[in-house]
Amino acid sequence: MLKAGRGAHDLARSRLRRDPIRLNGYLAFVIGIGITIWTCLVVMNAQDAQIRSNFVRDTDKVSADTSARLRIYFDVLLSLKGLFAVAGDVDRAQFARFVKTLRLSERHPGFRAIQFVRAVPDRELAGFAAASQADSAPQFAVHPVFASEQHFVIEFNEPMKGNEGAFGLDLASLPPHRAAVEAARDSGEIVATGRTLLVQDAGRQPGFVARVPIYRRNMPTGSVPERRAAFIGVVAIAFRVDDLMREVIEPTLLANMALDIVDTGDAKAGLAPPTGVVETLFDSRQRGTRILSRLVAQGHIKVAQRHWLVQYRALANSRYARDITPLVLIATAGMVISSLIAALLVASRRSRSLAGRLRATLDERHASLAELERQKSQVELAHGDLSSVLVTLKQAQASLITSEKLASLGALVAGIAHELNTPIGNSLLTATALADMVTEFEKKYAAGGIKRSALEAHMADTRLACDIIASSLSRAAGLITSFKQVSVDQTSDMRRCFALGEVVRDTVTTYAAQLRRANCAIDVDVPPQLVLDSYPGGLGQVLSNLINNALLHAFAANGASKIVISAREIEHGQLMLDFSDDGVGMTQKTLHQVFDPFFTTKMGQGGSGLGMNIVYNVVTGMLGGSIGIASTPGNGTSVTITMPKNAPRRLE
């Protein structure tokens, strides 16, 4: 047996010596298969990273859109509070006309009803009901009958259609709603209920109600007893959460993502749910759908004085599933290429062996020459392919740089839109209130007997409203002027003379919203007499990228931070622009690679790796200057730009 085993081993070794190229072919095939498997794994990881990035972006969008929409509705509550503050006691017709003017059911149909809840002492309840019936509401009736020293009755209800069941409802009979009304009365702030079932909702879907307190004019509200004494009632918006979320969330996202919203309460406000009770407000998952366990995220949304916990789960067979087509193509191509390489090695060895035996003949020489010509053509073809790939990569890099510039301009647009929202909203609110005041004054004038004090009060209120409108519109006009100049500069390469301080301040203005959200202060120290003949678009792009880079990489969450931008003129027509922050700084390794294209420490979290590369190219190219950067971990970062006041002329 031992001799037979040794004989088989010797025979195998002899065969390998006689045909070593076959072993090389097998080895090449195995290596090719290994490279193919590795490539498939790399592609799978890249797909997973892109899918995770898309999922996180979509979840952030849902949270941001929900918060923004709730702020719009809460601004409506504050505008109604302003109506009561300006007009005093508002009747049913005024309330309905004001709500109709807002056109909420057309622009934002996610709410169920807008209501005014009046606080009525028990001794005045009968008279209040009779007065409401006489005020063009004969169907009004307080319900249910409930013994209490204080009643909270829904007096105004818009729209009435579909909400008849809530008209005249006494919230004092419902403990959660009574607690929410009393919390709003005592705090003076917007208060939202937990999960509740609206009495007017026949579908019995989960909902909630947000309320803001209304106080009598000219009465102090500095303390809880004072607020209770001045309390009239609350203005409320009732929501059915399913309607609200389906208004906010795009249908394409709901088709690919399951959302589960739970009200976690707020113990500080005394409105937390009972222990062990899960108050599910919204669950979009349908029966039979499968969840991708690797793509689950949670978020928090603050709703008045309550908190919502949102769980996002990606659905199988959706936009978050892997695409196996590239993997199949890569595996198939790898198998074919590995087989061809192995066969090519075997064929090449055999052809060389045949050429060696026929080397002495003329035919052998011609065959060798033809082989060389064939290989030369293959090399030239490969060279052409590599050149084409290089051109494609350069075009892709140029496209990414262009996209980075457009993304920066998009951030400017978003910032300006956010800044314009407040002054324009204030102007609209004040104009509406002024219109109501004029209407009321015209009624008094038509009735005759206007007192001098009433006329003076009306003139003072009118003057105040005009001042508010003028101030708000002046603020909006200034923002639009700054944005127009910055946007024109950043979308063109036009050369012109400009004051450096104006370009710096216009660029900083467009980032006011992002800087406030990041709790970041910014100081600008640029002499007003520093005038350049250069390219303001390129300089604005540099400043935008530096500010974006600082907000994304330099500052820790929720921490106060600061950016300083200074400039001074130095010798030989040069100036030095310094941009520094007090952020986390950079390591030496990061500092060494900071200007490399596609290098970022925030890949998948908003970083593209092109921001600082664009800064370097613009400074050293368009602006004709130089750039340096200094940083150590924990001590912030300082970027120093040296450039001529008169930029070099660019060749067209």
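In the predicted model, the protein exposes about 35,800 Å² of accessible surface, of which 58% is supplied by carbon and sulfur atoms. Of its 652 residues, 41% count as buried. Among the contacts that join residues with a separation of 6 or more, 72% are accounted for by residues 24 or more positions apart. The secondary structure of the protein comes to 17 helices and 17 strands.

The UniProt record, an unreviewed entry, carries the annotation "transmembrane region" for residues 21-44 and for residues 327-347. Over the segment 327-347, the chain in the model is 100% helix and 0% strand, and the C-alpha atoms at its two ends lie 30 Å apart.

With respect to enclosed space, two cavities of 30 Å³ or more are present in the structure, and the largest cavity holds about 110 Å³. This largest cavity is lined by 15 residues, of which Leu169, His177, Leu198, Gln200 and Val209 are the closest to its centre. The elements that contribute two or more residues to the lining of the largest cavity are strand S4, which spans residues 196-197, and strand S5, which spans residues 206-215. In terms of residue character, the lining of the largest cavity divides into 10 nonpolar residues, four polar residues and one charged residue.

Key. Residues numbered from 1 in each chain as written. Predicted model: local features only at pLDDT ≥ 70, side-chain atom pairs only at ≥ 80, totals over all residues. Heavy atoms only, no water. UniProt positions renumbered as here; feature names shortened; annotations may be inferred. Helix = DSSP H or I, 4+ residues; strand = E, 2+ residues; numbered from the N terminus. 1 Å grid on protein atoms, 1.4 Å probe; cavity = no way out; pocket = protein on both sides within 12 Å on 5 of 7 lines; lining within 4 Å. Points joined across faces, edges and corners; volume = space filled by probe spheres on them. Nonpolar A, V, L, I, M, F, W, Y, C, P; charged D, E, K, R; others polar. Buried < 20%, exposed > 50% of the residue type's maximum accessible area, 1.4 Å probe, protein only. Contact = heavy atoms within 4.5 Å. Areas by Shrake-Rupley, 256 points an atom, 1.4 Å probe, with all protein chains shown as cover.
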